[in-house]
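Got the viewer open? Here is a short tour, stop by stop, with something to select at each one.

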Amino acid sequence: MGNLLIIFKRELLSYFATPLAYIFIVIFLVVNGFLTFDFGGFYARGQADLAPFFAFHPFLYLFMVPAIAMTMWADERKAGTIELLLTLPINLRDAILGKYLAAWSLIGIALSLTFPIWITANYLGDPDNGVIFAAYVGSWFMAGAYLAIGACLSACTKNPVIAFILTVTICVIFVLLGYPFLLGMLTGWVPQIIIDAISSMGFLTHFDSISKGVFDVRDFLFFGVFIAAWLFASAVVIELKKAS
Amino acid sequence: MIEINNLTKIFDQFTAIDDLSFTVKEGEVLGFLGPNGAGKSTTMKLITGFLSASHGTVSIDGFDISNRPIEAKSLMGYLPEGAPSYGDMTTLEFLNFVAQVRGYRGEEITRRVKHVLDEVELNSVSQQTIETLSKGFKRRVGLAQAIMHDPKVLILDEPTDGLDPNQKHHVRELIKNLARDKIVIISTHILEEVTAVCSRAIIIAQGKIVADGTPAELETRSKYHQAVSVRLSENYDLAADLVDLAEVGDVEKDSEDDMVFRILANEGNSIFSQVSEIAQSKHWPVTEFHVSRGQLEDVFRTVTLPALGAE
């Protein structure tokens with residue numbers, strides 16, 4: 001068992017050693033159910049798909065994911081355990097990935113526990129399960145992108161609240177970048193190529209096509225590269241803090 | 001062997017560690033002394049690789065801490081300041097985690113963890129979460145993780161802070177038993193600890209070394225080194241009898257006890273026999289008479305105060 005796995009295990013277990021994981025999962029499920037059935041009109045639409053379920057995810061993640069991410073490094077710094085962790089014979093890469101994957105798994109667990117909605121759709125109609133599966137994976141990747149931003153900003157400070165606020169702010173920007181309303185305001189006076197570039201950085205652009213069943217590897221690739229870039233940035237931040 | 005060359009750490013404009021160089025060899029227990037803010041903890045953070053130096057190098061058995069961090073860190077056990085550990089884990093879970101990171105697998109984990117639990121007497125709290133433990137127990141959990149892999153180099157930042165006298169004694173015994181073929185660096189502001197466990201002491205002030213030697217050598221730098229302490233039963237003018245002795249310096253009255261005097265020796269000369277002869281011939285009304293050792297505390301003040309700009 002490599003150090004990455006050891007750290008992953010420790011982090012994941014520590015989420016479940018406190019009420020944090022349970023509260024996160026319960027709230028995630030309750031809010032998801034509320035949004036899907038009440039706001040999304042899951043039944044009233046009369047369509048056997050999970051579109052109203054996934055449509056709210058970009059906004060749900062906006063405050064749920066930073067809440068998980070904020071403690072990732074800020075708490076270690078506050079409690080001084082970062083000094084212990086970074087003086088153990090561990091690669092920084094293993095520490096960053098181990099912690100990140102543990103938090104991402106927690107979100108994955110919460111997301112997979114929404115399966116009754118999937119079952120409901122299958123019970124009531126005949127949805128395209130391939131599309132739903134791709135949308136689940138896409139949603140998880142998008143959550144991973146939020147989480148990677150949060151991981152990096154959590155490494156910048158020892159105050160989790162500051163990390164939370166910064167993360168929400170940056171995430172809002174990346175959600176808005178793909179928002180048709182914002183793009184509409186730019187049309188006409190900004191060159192199309194810049195609008196496309198801005199739009200291609202937005203979470204919604206990629207998530208919308210995934211959740212509508214347009215399977216394009218590039219959308220997944222976007223989130224993958226996005227996550228890798230922010231995790232690399234976390235490593236840079238942690239190294240810089242050592243030298244400051 | 002630990003080699004530290006021209007180690008410098010600058011935080012913004014403030015120079016915390018200023019061109020520090022020293023080596024520590026196997027078998028040495030080095031006490032790292034200094035006033036608060038002198039740079040003790042910063043030096044330890046630099047040695048263990050938690051901070052990176054502005055200039056200079058640290059090498060552990062030939063492994064440079066910035067170029068070969070994994071190898072260097074594998075050789076070291078470290079108790080950071082305040083003994084941080086993951087509060088939501090039990091003692092046992094935490095030590096298992098450390099054992100795994102230190103490369104132990106399977107049965108060996110159980111064996112190593114049991115060994116350190118016995119060594120620092122943590123068995124009674126092995127199932128308790130660390131955040132519920134008292135300060136003394138937390139410190140011992142920190143010690144346990146530091147000695148997990150029987151490291152060649154042990155770096156302990158204030159290892160006995162917050163322990164009761166029995167626990168302090170126990171930890172000191174532990175350090176002494178470890179020390180034979182190892183390098184131990186402990187920082188402390190308890191001077192008796194240095195005399196009790198250290199074979200060498202370095203005093204730093206404002207990031208610079210101001211004294212380096214065995215505790216006994218440092219004691220000789222005290223003005224009380226070789227002084228004769230006398231308790232009288234009635235008032236008597238000792239100084240008048242000692243005027244002719246060139247080796248004798250001042251006679252000081254104890255600040256707490258009117259009847260206790262200290263006869264200071266010039267330049268560390270042994271004055272015991274001369275003073276005792278005079279005491280007998282002049283029939284001093286003496287109830288106690290002994291040579292005092294140099295006081296480390298006195299040396300500490302003498303060497304650190306000029307650096308701090310006082311006096």
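**Stop one: where the chains meet**

Start by colouring by chain: 20 residues of chain A are in contact with 20 residues of chain B. Keep in mind that this is a predicted model. Now select helix H1 (3-17), helix H6 (81-87) and helix H14 (217-243) of chain A; these are the elements that give two or more residues to the side touching chain B. Colour that side of chain A by class and you'll find ten nonpolar, seven polar and three charged residues.

**Stop two: the cores**

Next, go for the largest nonpolar core, which has 139 residues. Residues with the most contacts inside this core include Ala103(A), Ile107(A), Leu147(A) and, from the other chain, Ala144(B). Show helix H9 (residues 129-156) of chain A too, since this helix gives the core 16 residues, the most of any contributor.

Zoom in on Ala103(A). What is it in contact with, leaving aside its neighbours within four places in sequence? Ile68(A), Ala69(A), Met72(A) and Leu147(A).

Then hop over to a second, separate core of ten residues. Pick out Val228(B), Leu242(B), Ile263(B) and Ile271(B), which are among its members.

**Stop three: an enclosed helix**

Last selection: helix H1 (residues 40-47) of chain B. Eight of its eight residues are buried, so the helix is largely enclosed by the rest of the structure. Click along H1(B) and the buried residues include Lys40(B), Lys45(B), Ser41(B) and Thr42(B), as well as Met44(B), Leu46(B) and Ile47(B). Following H1(B) comes Gly49(B), with a positive phi near 85 degrees.

Technical notes: Residues are numbered from 1 along each chain as its sequence is written. Chains are lettered from A and ligands numbered from 1 in the order in which they are written. This is a predicted model: local features need pLDDT of at least 70, side-chain atom pairs count only at pLDDT 80 or more; totals for chains, interfaces and linings use all residues. A nonpolar core is a set of buried Ala, Val, Leu, Ile, Met, Phe, Trp, Tyr and Cys residues joined through C-beta atoms within 7 Å. A residue is buried if 20 or more other C-beta atoms lie within 10 Å of its own, exposed if 12 or fewer, and partly exposed in between; C-beta atoms are placed from the backbone. Helices (H or I, at least four residues) and strands (E, at least two) are DSSP runs, numbered from the N terminus. Two residues are in contact if their C-beta atoms, placed from the backbone, lie within 7 Å. Ala, Val, Leu, Ile, Met, Phe, Trp, Tyr, Cys and Pro count as nonpolar, Asp, Glu, Lys and Arg as charged, and the others, Gly among them, as polar.
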